[in-house]
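Thank you all for making time this morning. I would like to walk through one model with you, and I will begin with a single strand before turning to the rest of the chain.

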Amino acid sequence: MTDIRFDRAATGHDPAAAGAEARGRNAMLKAGALQNAILTSPNFSIIATDERGVIQLFNVGAERMLGYLAAEVVDRITPSDIHDPHEVQARAEALTLELGTTIAPGFEALAFKASRDIEDIYELTYVCKDGSRFPAIVSVTALRDDEGALIGYLLIGTDNSARKRVESELHAAMAAADAANRAKSEFLSSMSHELRTPLNAVLGFAQLLETGTPPPTATQRRSIDQILKAGWYLLELINEVLDLALIESGRLTLSNEPVSLAEVLAECRAMIEPQARQRGIAMSFPSFALPLFVKADHTRIKQVLINLLFNAVKYNRPDGAVSVDFAAAGSHSIRLCVRDTGVGLAPEQLAQLFQPFNRLGKEAGPEEGTGIGLVVTKRLVELMGGSIGAASTAGAGSVFWVEFPVATAPLQALLEDAHAATLAPVAPHGRPLRSVLYVEDNQANLEVVAQLIARRPDLQLLTAVNGELGVEYARACLPDVILMDINLPGLGGTAAMQLLRAGAATAHIPVIALSANAVPRDIEQALAAGFFNYITKPIVVTRFMDALDVALLFAQQAADERARAGAGA
């Protein structure tokens, strides 16, 4: 048998080399297929130009998006011809400013950055063959040969219509939500005004009867007490519902700043102790050896503490006690506790404590309530960055606590505490009557204030029923203080106040807003506009008189200052 052998070198057949060659061919085929898939993709417009910007390649995706056949654009137009000309002009102007060199409108505006090897992705509008338009995001890259010479540009674009549509819908939804919020705020403001206006007459005249001369009989006093009790309860209900609506709409504005605990507790004590005495409840408050401040909104922390204190009094035992104390809660917070000796709460009641309109079985009791006071309190505390909780034992009383971050005492606050005693106004004797102008179109409101001013022998009242007359009277009579309703017919209260502030003869007169608009946003806007103070209706007589005295003192000090300046001149 003959032994036949093959010489691999002689035959030229090397299996390893053949395998490598086959793999190379497969790789080239795969790369070619990938390149072809990219160029024929219907989802991207791929446009290649020469160095002058004339289109040399126009892929299937570009044909589909723009409606042109490749033969209609290759060697005929530049990409700038299928862009919105006004946007191309605007881009040229923007690049001229950005780069400090003149950029001509046209293809140069599209390719200038890429020609400097600066990454460039822009958003402009493509104009289709049929005249339709769509927004596109386009990436531009410079093409260079092996020596680095510029040979053209590659523009890859995607249709941005879907994202633009979603953005438009989102913006429309946000605009609708903003409009709804504005409408809700305006409704709350209007509702507050409409509810408070008649209440001002009810409570104002009831307070006049209660403190009038001759004093009411025992029977009359009982009737007046019932009117006042129902009126203040209705006002509390209005305030709590409006507060809750404001909080849940996200429209409540807070101003967190250092608040003196000694000061705010003294204010709360002055308001709560008279009610506690009427019920035979003993009150005890802490003393402060050193000033102690927490970070909170002054008005709202006072509202929180008054609510807790009032509940502690209202739901206490006859001849019970309420105590307030404080302690450090960690290194950065202060905990204030309000303890009562009431009947306490069962565990299941404690679990439902902060639920809206849940009075925990007290609905049939003698004490009126809304069931939302604690809900508002909790949300206010949390909005101020604090926390709230409670502990209770049935039959042994409850303790409610709030925690707030500690704040550094501002120097100005310390100076104001030292100076506070100088703010108590004393009516001067032997001087001419001081005048108060009240601009108000509601006769009942005018009558309430007129009777209050009549109790002050040092004051005389001028009245005007609209803003135009009010401005004329102020300029003619130069009253010491002006009370201004906000919602006046014709010239509104704010506009009238600003006219007076703009006049040299009347700019110094303090103007107090007296309005049924009690939404915090309205109050903040009024004070920012230039009002000296803001009093909400229904009027609380003591607060009204205090605010009037402060304004009169300010007016007197301003008059004295002008007199000294005149003497010096």
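Which residues point one way from β16, and which point the other way? In this model, which is a predicted one, V511, A513 and S515 point to one side of β16 while I512 and L514 point to the other, and all of them are buried. That agrees with the count for the strand as a whole, since β16, spanning residues 511-515, has 5 of its 5 residues buried.

Let me place β16 among its partners. On one side of the pairing list we have β15, which runs parallel to β16 and is joined to it by 3 bridges, and within that pairing L483 has I512 of β16 as its bridge partner. Between these two strands the chain passes through helix α16, residues 493-502, in a β-α-β crossover that is right-handed. β16 is also joined to β17, residues 533-536, by 4 bridges, and these two strands again run parallel; here A513 stands opposite Y534 of β17. The connection from β16 to β17 goes by way of helix α17, residues 520-529, and this β-α-β unit is right-handed.

Before going further, a word on confidence. The average pLDDT of the chain is 82, and 83% of the residues score at least 70. Among the elements, strand β15, residues 481-484, has the highest mean pLDDT, at 95, whereas helix α13, residues 411-419, has the lowest, at 45. There are two stretches I would ask you to treat with caution. Over residues 1-6 the pLDDT stays under 50, and the model has 0 contacts for them beyond four places in sequence. Over residues 411-428 the pLDDT likewise stays under 50, although in that case the model has 10 contacts beyond four places in sequence. Where pLDDT is low, the predicted coordinates should not be read in detail.

Let me move to the nonpolar cores. The largest of them has 44 residues, and those with the most contacts inside it are M283, I301, L305, L309, V322, V402 and F404. Among the elements that give two or more residues to this core are α8, α9, β9, β10, α12 and β12, but the largest share, 8 residues, comes from α10. If we take V402 and leave aside its neighbours within four places in sequence, we find V402 in contact with V304, L305, L308, I334, R335, L336, V381, S387 and I388. There is also a second, separate core, which has 30 residues and includes V88, L110, F112 and L124.

Now to the charged side chains, where the structure holds 20 salt bridges. I have chosen a few of them. D325 and R339 meet through their side chains in a salt bridge, at 3.1 Å from N to O, and this pair links distant parts of the chain, with D325 in strand β9, residues 321-328, and R339 in strand β10, residues 333-340, 14 residues apart. Both ends count as partly exposed, D325 at 26% relative accessibility and R339 with a relative accessible area of 38%.

A second pair lies within one helix. The side chains of K378 and E382 form a salt bridge at 2.6 Å, N to O, and because these residues are 4 places apart in helix α12, residues 373-383, about one helical turn separates them. K378 is partly exposed at 25% relative accessibility, and E382 is partly exposed at 42%. Helix α12 also holds R379, which is partly exposed with a relative accessible area of 26%; the C-alpha atoms of R379 and F354, 25 residues apart along the chain, are separated by 9.6 Å.

Are E440 and K537, the partners in the next salt bridge, buried or exposed? The closest N and O atoms of E440 and K537 are 2.6 Å apart, and the pair links distant parts of the chain, E440 being in the loop between β13 and α14 and K537 in the loop between β17 and α18, 97 residues apart. Both E440 and K537 are buried. Finally, salt bridges with shared partners join E123, R163, K164 and E167 into one network.

To return to where we began, β16 is paired in parallel with β15 and with β17, and its 5 residues are buried. I am happy to take questions.

Terms used. Residues are numbered from 1 along each chain as its sequence is written. This is a predicted model: local features need pLDDT of at least 70, side-chain atom pairs count only at pLDDT 80 or more; totals for chains, interfaces and linings use all residues. Side-chain values use heavy atoms; hydrogens and water are left out. pLDDT is the predictor's confidence in each residue, from 0 to 100. Contact means heavy atoms within 4.5 Å. Buried means under 20% relative accessible area, exposed over 50%, partly exposed in between (1.4 Å probe, protein chains only). Two strands pair if DSSP finds at least two bridges between them. A crossover is right-handed if, with the strands pointing away from the viewer, the path from the first strand over the helix to the second runs clockwise. A salt bridge is a side-chain nitrogen of Lys or Arg within 4 Å of a carboxyl oxygen of Asp or Glu. A nonpolar core is a set of buried Ala, Val, Leu, Ile, Met, Phe, Trp, Tyr and Cys residues joined through side-chain atoms within 4.5 Å.
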